[in-house]
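Biologist: Could you walk me through this model? I'd like to start with how far to trust it and then move on to the charged pairs.

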Amino acid sequence: MAPDAKTIRPPAMGTRNAALLAGLVTLAALLHLWLAGSTLLSGDEAYYWLWSRRLQLSYYDHPAMMAWWMAATTALFGESETAIRLPAVLAAAAVTLLAFDTARLAFRDIRAGWWALALLNATILFAAAGVLVTPDSPLLVFWSACLWAVIRLLDDGRTRWLYVLGLSLGLGFTSKYTMVLIAPGILAVFALFPQARRWWKSPHFWAAIVLALACTAPVLVWNAQHEWVSIRKQLSHSFDAPVGDPLKSLATFLGTQLGTVTPLVFAFMLWGMGWALWAGWRGRRPEWFLLGATSAPLLAFFVRHSLGGLVQPHWPGPAYLGAAIATAGAVVVAGRSWGPGLRRAWVAAIGLGGLLVAATYVQMATALLPIPIKSDPMSRLGEWDKLARAVEAERARRPDAFIFTTKHEVAGLLTYYLPGHPIVFLTGSAGFPRIPSYDARDAATLPGRDGIYVIKDGFHAVQDMRKSFRSLTLLGTVDRGWGGKVVDHYEIWLAESYGSGAFENK
């Protein structure tokens with residue numbers, strides 16, 4: 001323990017509260033498991049599954065933690081959709097437990113824990129993250145663990161929490177590069193508050209930093225071996241992707257946040273972030289300030305980013321962890337002075353969010369709700385097996401032909417849903433490091449062979465391939481559907497006698 005550290009006993013959970021929490025988390029996990037096995041993979045999930053089949057220190061698009069987790073679950077339970085998505089289910093359960101305990105400790109009130117649990121699970125963003133597996137799955141776990149470790153450190157002053165923090169920071173970076181954005185908020189707490197600043201004098205503080213850096217070694221080593229291609233890609237993606245209409249891009253981003261977090265919850269979270277910064281600073285409460293400092297600046301970063309490039313709805317997801325905990329605590333602390341209107345709005349926010357989450361799960365499992373196809377993100381789960389069956393029928397007639405496409409997501413989906421999981425080649429790539437399912441040696445076997453080309457509405461894609469093949473002939477078309485509606489249209493072409501140029505890194 002650091003000198004003069006003040007130990008405060010945390011509020012007791014109690015057997016009844018612990019049992020209720022365990023029961024709710026288990027029920028949610030069982031629901032997520034059922035949903036995970038009831039729907040087909042999305043393109044991104046199938047692409048990440050490709051990673052798990054050839055484990056590396058890192059990958060072109062993201063670090064490797066999610067692939068390592070997926071490799072473990074599929075090794076234990078097979079390559080079903082449920083096994084592939086199991087890391088997401090377990091991650092959601094871990095995040096819920098960490099958020100509950102962080103809120104309980106930060107605000108010295110178990111009610112804050114229950115509100116944090118309710119608020120997180122009333123957001124479509126978190127609900128989807130409990131079923132669909134992405135690099136955000138481990139990222140959210142380690143982001144939550146960082147918040148929990150700092151607040152534990154402030155609570156009881158034990159040095160072990162510094163090492164939990166360092167481990168979580170490093171493993172978070174090995175999950176997704178977004179993890180670097182939590183560091184400024186944590187450092188602000190250690191710089192601005194005396195009860196945290198004293199740790200700068202402890203050797204354990206610096207040892208924890210060394211531990212964090214050591215955990216990032218796989219990502220750094222892999223990038224150093226490959227001309228820093230992944231880090232350069234992320235920096236370019238973040239800062240060198242101008243858009244034609246910045247205000248339209250900003251409006252789109254804000255619209256997606258309102259949709260995925262739900263409008264009333266989003267409004268309360270904005271208030272919660274601001275309240276945590278203001279009340280934490282004014283009341284000299286570093287644990288409250290931490291929650292605002294690791295959420296509001298992150299959301300502001302993506303608002304700024306949206307003016308210069310596309311921001312996917314889930315990218316700011318970690319911001320809502322601190323925001324949910326801050327808002328839950330703010331309701332406990334400041335909600336006593338609310339009038340009836342604000343109390344009703346708060347209950348309505350949780351209730352409306354819960355209903356929208358329930359509707360999301362119903363649509364994910366059944367596709368029965370009358371949502372316009374262009375507005376339904378669940379449509380990306382529809383009928384990939386139908387496309388695979390059509391491709392397999394053509395492959396059966398031409399067993400020596402290879403399969404190729406223009407999108408890495410489609411390459412992953414066809415590899416997964418085709419019998420035997422064959423290599424599906426990607427145009428403009430010799431494989432590794434862009435896509436880990438094959439490499440230049442595999443691409444070197446293609447000249448002279450026929451290919452089965454799978455493309456989405458592909459006039460320009462066909463024209464681009466004419467110079468690399470002797471001829472191209474349309475074999476058939478497939479309408480991929482969702483809920484009885486056509487989502488998109490795929491064409492299957494015979495590309496005869498490959499020459500060169502299509503499968504080289506560009």
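**Confidence and salt bridges**

Modeller: Over residues 1–8, pLDDT (the predictor's confidence in each residue, from 0 to 100) stays under 50, and the model has 17 contacts there beyond four places in sequence, a contact being heavy atoms within 4.5 Å. Where pLDDT is low, the predicted coordinates should not be read in detail. This is a predicted model, where local features need pLDDT of at least 70 and side-chain atom pairs count only at 80 or more, while totals for chains, interfaces and linings use all residues. Numbering runs from 1 along each chain as its sequence is written, and side-chain values use heavy atoms, leaving out hydrogens and water.

Biologist: What does the protein's pLDDT average?

Modeller: Looking across the residues, 96% score at least 70. The protein's average pLDDT is 93.

Biologist: How many salt bridges does the structure hold?

Modeller: Here a salt bridge is a side-chain nitrogen of Lys or Arg within 4 Å of a carboxyl oxygen of Asp or Glu. One of them joins aspartate 156 and arginine 158, N to O 4.0 Å. The structure's count is 20.

Biologist: Is aspartate 156 buried or exposed?

Modeller: Buried means under 20% relative accessible area, exposed over 50%, and partly exposed in between (1.4 Å probe, protein chains only). Aspartate 156 has 7%, so it counts as buried.

Biologist: Which helix holds arginine 389 and aspartate 385?

Modeller: Their side chains meet in a salt bridge, 3.6 Å from N to O. They sit four residues apart, about one helical turn, in a helix (a DSSP run of H or I, at least four residues, numbered from the N terminus) spanning residues 384–397: H20.

How values were computed. Helix = DSSP H or I, 4+ residues; strand = E, 2+ residues; numbered from the N terminus.
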